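User: Please take a close look at one helix in this model. I would like its dimensions, its buried face and its packing partners.

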Amino acid sequence: MRAMKEETRKLIFNENVPMSLIEEFTCKMKALTATAEKLNSVMRETQSFSVKLGCVEQMAQLLEKRNEAEADFVKEAREYVKKGGEQ
């Protein structure tokens, strides 16, 4: 899976973003990464074209979920930065 955007990294380290939001985002990313690693393993081990194609489709869905999770995190984190932290 692709690397995080620079803005996401900055928001993770911003003192106004609550740790609970960062932890939730981190858990989502770890789960998506673990699933992607399993799919990669299946793709390496199988000879079946149809199985590989299925894995590619699932990987595309994972990438979409990852992008959505990152966009959701950025949107929510920006609100905390704008307000100056939890209030």
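Analyst: What follows is a walk along α3, then into the core. The model is predicted.

α3 covers residues 49–83. It has 35 residues. From first C-alpha to last, α3 reaches 51 Å, close to the 51 Å expected at 1.5 Å a residue. After α3 comes G84. The phi of G84 is positive, near 85°.

Next, the buried side. The buried residues of α3 are C55, L62, R66, A69, E70, F73, V74, A77 and Y80. The list includes the charged residues R66 and E70. An α-helix has 3.6 residues a turn, so residues three or four places apart point the same way. The buried residues of α3 pack against α1 and α2.

C55 deserves a number. Its relative accessibility is 5%, so C55 counts as buried. C27 lies in α2, which spans 19–45. At 52% relative accessibility, C27 counts as exposed, because the cut-off for exposed is over 50%. The structure holds zero disulfides.

Now the core. The largest nonpolar core has 17 residues. Those with the most contacts inside it are L11, V17, L21, F73 and A77. Two or more residues of this core come from each of α1, α2 and α3. F73 and A77 are also among the buried residues of α3.

L11 shows the packing from the other side. L11 belongs to α1, which runs 6–12. Leaving out residues up to four places away in sequence, L11 touches V17, F73, V74, A77, R78 and V81. Of these contacts, F73, V74 and A77 are buried residues of α3.

Note on methods: Residues numbered from 1 in each chain as written. Predicted model: local features only at pLDDT ≥ 70, side-chain atom pairs only at ≥ 80, totals over all residues. Heavy atoms only, no water. Disulfide = S-S within 2.5 Å. Buried < 20%, exposed > 50% of the residue type's maximum accessible area, 1.4 Å probe, protein only. Core = buried A, V, L, I, M, F, W, Y, C linked by side-chain atoms within 4.5 Å. Helix = DSSP H or I, 4+ residues; strand = E, 2+ residues; numbered from the N terminus. Contact = heavy atoms within 4.5 Å. Expected span 1.5 Å × (residues − 1).
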